[in-house]
Amino acid sequence: MPRYSPVNIAVCGKFHMLNYLPDLVGRGVVQRFYMSHKPSTARSLELPSEVVRNFPAKEYLLRGYGMAFKTWNQDAAIVAFHRLWENQVLRDWKPSEQLHLLAQGATVRIGKRARAEGSRVLCEVVNTHPEHRLRLMQLEAKRWGLKAWRPSLLRREKLILEEVAQADALLAPTQHVANSFRQSGFTKPIHILPYAANVERFEPLEGPEKRLRHGPLRIISVGQIGLRKGQLHLLEVVSRLNFDIEITLVGDIDPEVIELLARHYQRFKHVARVAPPEMPKLLANHDIFVSASLEEGLAVSVCEAMAMGLAVIATRESGASEVMDDGVHGLLFDATDQEALAEKIACLNDDRDMLSQISAAAFMRTRLLVNWRTYADGLEHIYGTR
């Protein structure tokens, strides 16, 4: 049993928490988990309703708004729907010694209430500091000749900074994320705990060392197709390589990059959405996973690709350096460095034995370290740290 009273966790959505929640509940660590998703999602956890408190109205309202109005005034709508969820949580509130909240601009009043009750507040930041991200995207838009990126923070980003300011400590997935908040003046403790993969769900049908490594190189990248995830850099690189490559890009396309993508449409297969049960099968049909992100916390998709025995090529800014050693469990490069990315892809194409060795090492890494069981161990330790 823990050396502290059970913790409340609050997330306006579900995010990665569902991967480790049953484990922590089984250990007696969690008192209540406040979430917002489809009722079937909450039921699938097979946990007591007294623990899992799901308020799905925000989920349906947000989806309906998106279908009706697309991205028009989206920031204001998200803030309003977040506030609705927060109201529901506060009406159902049960005090706890600790509160673990996800910084997304939905829990400012929840955090204030917990602090007023004497609770310790642990605020989890999933991305770099909003101002750092804004500056980065302004530069990237300029690089591609797009109209100027928005000049200031969104309302929900300002609310994230309020959540951070009132926290007793931060939880970050990488040192890179932690540094961005340190550089912006955060002086309280920051705990580093990298994300992981669900190794029960992401299980290859055969060992990665036995997979066929002949024919065209099969590359997959997962995430919204836009400036931040760096797919444009990947496509530019592939257009200059002189060997056969099959590329699959998974994710919705940001309207802002449609024209930039136009000249690359013959080079990749686009899959807008993949049902969660189908993702392992899709990954298994590829050799390499590329994460060309300019900014991330830590892409869970990187961990899942490793678990499936794919060789991962990722930017250091994707957070991948927290879960792999360069040249052992994957290959790392600096974001926007197209020459370096081209070199990594060509290297694995020319040396299929190296590709197979990295695949096998990545697979083993997830079984030993990069999995949600070890993540739960680390999180329980952080809950007990004062």
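Which residue in β2 is the bridge partner of Val7? In this predicted model, the partner is Val30. The pair belongs to a set of four bridges that join strand β1 to strand β2. Strand β1 covers residues 7-10, and strand β2 covers residues 30-35. The two strands run parallel.

Both strands sit in an open sheet of seven strands. The order across this sheet is β3-β2-β1-β4-β5-β6-β7. The pairing is parallel. Strands β3 (52-54) and β7 (190-192) form the edges. Each of these edge strands pairs on one side only. From one strand to the next, the twist averages 20 degrees. Helix α1, residues 17-26, lies across part of this sheet. The strands under α1 are β1, β2, β3, β4 (98-102) and β5 (120-124). Relative to β2, helix α1 runs at about 155 degrees.

Helix-to-helix packing comes next. Two packed helices are described by the angle between their axes and the distance between the axes. Helix α4 spans residues 74-91, and helix α7 spans residues 155-165. Their axes come within 8 Å and cross at roughly 45 degrees. The two helices are therefore oblique to each other. On the α4 side, the contact is made by Gln74, Asp75, Ile78 and Val79. On the α7 side, Arg155, Arg156 and Leu159 take part. By class, the residues of this contact are three nonpolar, one polar and three charged.

Helix α7 also packs with helix α6, residues 130-143. Here the angle is about 145 degrees, and the axes lie 10 Å apart. Pro130, Glu131 and Arg133 of α6 meet Glu157, Ile160 and Leu161 of α7. This contact holds three nonpolar and three charged residues, with no polar residue.

A further open sheet is built from six strands. Its order is β10-β9-β8-β11-β12-β13, with parallel pairing. Strands β10 (268-271) and β13 (331-333) stand at the edges. Each has a single partner strand, so one side of each is left without a neighbour in the sheet. Neighbouring strands are turned against each other by 20 degrees on average, direction ignored. At the β13 edge, three bridges join β13 to strand β12, residues 311-315. These two strands run parallel. One named pair links Ala314 to its bridge partner Leu332 in β13.

Helices pack on this sheet as well. Helix α9, residues 231-240, touches β8 (217-222), β9 (245-250), β10 and β11 (288-291). The direction of α9 makes about 170 degrees with that of β9. Helix α12, residues 300-307, touches β8, β11 and β12. The direction of α12 makes about 165 degrees with that of β11. Strands β8 and β11 are thus touched by α9 and also by α12.

The structure holds one cavity of 30 Å³ or more. The volume of the largest cavity is about 30 Å³. Its lining includes Ser221, Val222, Lys229 and Gln231. Phe289, Val290, Ser291, Ala292 and Ser293 line the cavity too. Strands β8 and β11 each supply at least two residues of this lining. The largest share, three residues, comes from β11. By class, the lining has four nonpolar, four polar and one charged residues.

Key
Residues numbered from 1 in each chain as written. Predicted model: local features only at pLDDT ≥ 70, side-chain atom pairs only at ≥ 80, totals over all residues. Heavy atoms only, no water. Pairing = 2+ DSSP bridges. Axes fitted to C-alpha atoms, helices over the stretch in contact; angles between N-to-C directions. Contact = heavy atoms within 4.5 Å. 1 Å grid on protein atoms, 1.4 Å probe; cavity = no way out; pocket = protein on both sides within 12 Å on 5 of 7 lines; lining within 4 Å. Points joined across faces, edges and corners; volume = space filled by probe spheres on them. Nonpolar A, V, L, I, M, F, W, Y, C, P; charged D, E, K, R; others polar. Parallel < 35°, antiparallel > 145°, perpendicular 65-115°, else oblique.
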